[in-house]
Amino acid sequence: AEIFLLRTDPGNVDSDGDGLPDGWEWQNPFDPLDDGTIDIRNGADGDPDDDELRNLDEYLRGLDPLLADWPVVLHVNGTTGNDQTGDGSTNAPYQTIGKGIQVGQPYVGCIVWVAGGTYVEDLNLCSGLQLYAVTGQAVEVQGTLSGSMATNMLMQRLTVGTVSLVSCSLEASHIIGGNFVVQDSSLKLSDSQFSGGWRGLECTGTSTAEVVNCFFTGYDTACHIATNASLKLLNTVLVRNYTRAVYGDGAGMLDVNHCVVAYNHWQGIAGGFAGGGISNSVIWKNNLDAEVGGDIQVRYCAFPWPQEANTNGNIQVADPGWINTALDNYRLRSDSPLINQGGTDTTSDLDGEARPYGVASDIGVDEMRDADTDGLADVWEQANTATNPTQNLDADSLIILEDYRRGFNPRVTVGR
C-alpha cells in the first residue's frame, strides 16, 4: 500500500534522505520523495510557517511545521541542566548559557531564560537574542562576552535588573535596558553601545573598569563610581542621560580622556572623586550651569560657559563643530575650533587614527586628519570612496563637502 499510494520504499523510513521520516512528511503534508530540491518547503531546510525554525528542527522538537512557533524560548539552569541530554525545555534545560545561545542563534528573537547562579564561561552573543535572568534570581557571568549585536539584542534583568560581570571584556555589542555591576574585579568595554536603564556601568569595591570607544545614552546615570573603584573613559560619548553622565561617591578614581559629555538633563560629571582628571574632552550644554562638579583636575577641555574655561588649557567655544549631533556623529568638521587645541597624548581616536595629527591633539573623540586639505576627513573619504569635495555623486543639491558636513551618505540622494 505504501508503494502504491506514496511511491516510497517501505524498507527505508526516509526515502528522500532529508532527515525527515516519510510518515511525518506525509502527515504534515510534505512530499516524502522531495528533499527540497524541487520545492524547498518539502525539505529539511524548509520553513513553510515562517517562524525561523526549519522543518528538521520542527520534527526534532515535536512541533507543527505549519504552525508558527515564534519566538523560540530556551531555558538554562546551571544546577539541573545538561548540555548533552537537555533540549532547552523547562523540564530539560541546558546547563550553560553558551549552549542556549548556540542553539538559539539561528532564530531571530530567541529568548533564553537563565536560572539563578554563577556561570563561569565565555559567551559569544548574537543579534536578535533576548537574554533574561529568571525574575527574582541573581545571575552572575564570569568570563568574556563578545559578539556584534543589533539594537534588538536584549540583555536584561541579570542579577535583578543588572548584568553582573567579573573579569570580563565586552566588544562590539549593544546592551538595552540593563547595566553592568563590577565589584572587586575588572571590566573592559570597547566599541559598544548602551542605552536605557538605571545605571549603565556601576563600579564598586576595588573594581577597575576601562571603557573605550563606547556610547551611553538614556540612563539615569551612565556611569557610577562607588567606594574605592576606578574608571577610565577614552573616546566615549555620554549624551542625553536623564540625571548625570558620571557620578562619584567621593573615594573613587576617574580618568576621562578624549570624551564627549553633552546634553545630559542635569549634570555632566558630578559628585566627588579621590583623584584622576578630565582632559581633552568636550563638556557641553548639560543642563546644570556647573558642567563639572567634584574636586577633579580639568585640562584641555572645551566648554560653552566662560566660568569653566580659560585655565589649564581649557577653552570656551560657541560651536564644537561636530558633523551631525542629530545622527550622534560627534566627529569634527574641518572648520571645528577643537582642532589642535588638546594636549600631546599619543592615544588613537574613535576610528583608530593616531594622535596627534597636527601640533596638538584635537579635543573630543575624533582626530581630524585631512592630508589633502580638501575639507574632507581622510577616514571618511576612504569609507565613502569620495575624494572630490565639489563633486555631486547622487544628483541632489549637495556637493560632497556638504554631504560630509551634514553627516549624509554622498551616494544617497537627500530626501529619498
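Arg 355 is buried, with a relative accessible area of just 4%. This is a predicted model, and Arg 355 is a good place to start, as its side chain meets that of Glu 367 in a salt bridge. Below is a quick tour of the charged pairs, the aromatic rings and a run of paired strands.

**Salt bridges**

- The structure holds 10 salt bridges.
- In the Glu 367–Arg 355 bridge, N to O comes to 3.9 Å. Both partners sit in the loop between strand 29 (329-332) and helix 5 (378-384), 12 residues apart.
- Glu 367 has a relative accessible area of 1%, which is under the 20% cut-off, so Glu 367 counts as buried. Its partner Arg 355 is buried too.
- Asp 319, Arg 333 and Asp 335 belong to one network, joined by salt bridges that share partners.
- Asp 39 bridges to Arg 41, with 2.8 Å between the closest N and O atoms. Here Asp 39 is partly exposed at 23% relative accessible area, and Arg 41 is partly exposed at 48%.
- Arg 54 pairs with Asp 45 through their side chains, at 3.1 Å from N to O. Arg 54 is partly exposed, at 33%.

**Aromatic rings**

- A search of the whole structure turns up seven aromatic pairs.
- One of them is Phe 194 with Phe 216, a stacked pair with 4.7 Å centre to centre and 10° between the planes. Phe 194 belongs to strand 14 (residues 193-204) and Phe 216 to strand 16, so to speak a link between distant parts of the chain, 22 residues apart.
- Both Phe 194 and Phe 216 are buried.
- Phe 216 also pairs with Tyr 219: the ring centres are 6.4 Å apart and the planes stand at 55°, so this pair is tilted.
- Phe 216 has a relative accessible area of 0%, and Tyr 219 likewise comes out at 0%.
- Elsewhere, Trp 24, Phe 30 and Tyr 59 make up one aromatic cluster.

**Strands 16, 19 and 22**

- Strand 16 (residues 215-225) runs parallel to strand 19 (residues 244-249), and four bridges join them. Opposite Cys 223 you'll find Val 246 of strand 19.
- Strand 19 also pairs with strand 22 (residues 267-272), again in the parallel sense, over five bridges. Gly 248 has Gly 271 in strand 22 as its bridge partner.
- Arg 244 lies over the face of Tyr 247, at 4.2 Å from the ring centre.

How values were computed. Residues are numbered from 1 along each chain as its sequence is written. This is a predicted model: local features need pLDDT of at least 70, side-chain atom pairs count only at pLDDT 80 or more; totals for chains, interfaces and linings use all residues. Side-chain values use heavy atoms; hydrogens and water are left out. Two strands pair if DSSP finds at least two bridges between them. Helices (H or I, at least four residues) and strands (E, at least two) are DSSP runs, numbered from the N terminus. Rings of Phe, Tyr and Trp (its six-membered ring) pair if their centres lie within 6.5 Å; planes under 30 degrees apart count as stacked, over 60 as edge-to-face and the rest as tilted. Buried means under 20% relative accessible area, exposed over 50%, partly exposed in between (1.4 Å probe, protein chains only). A charge sits over a ring if NZ of Lys or CZ of Arg is within 6 Å of the ring centre and within 35 degrees of the ring normal. A salt bridge is a side-chain nitrogen of Lys or Arg within 4 Å of a carboxyl oxygen of Asp or Glu.
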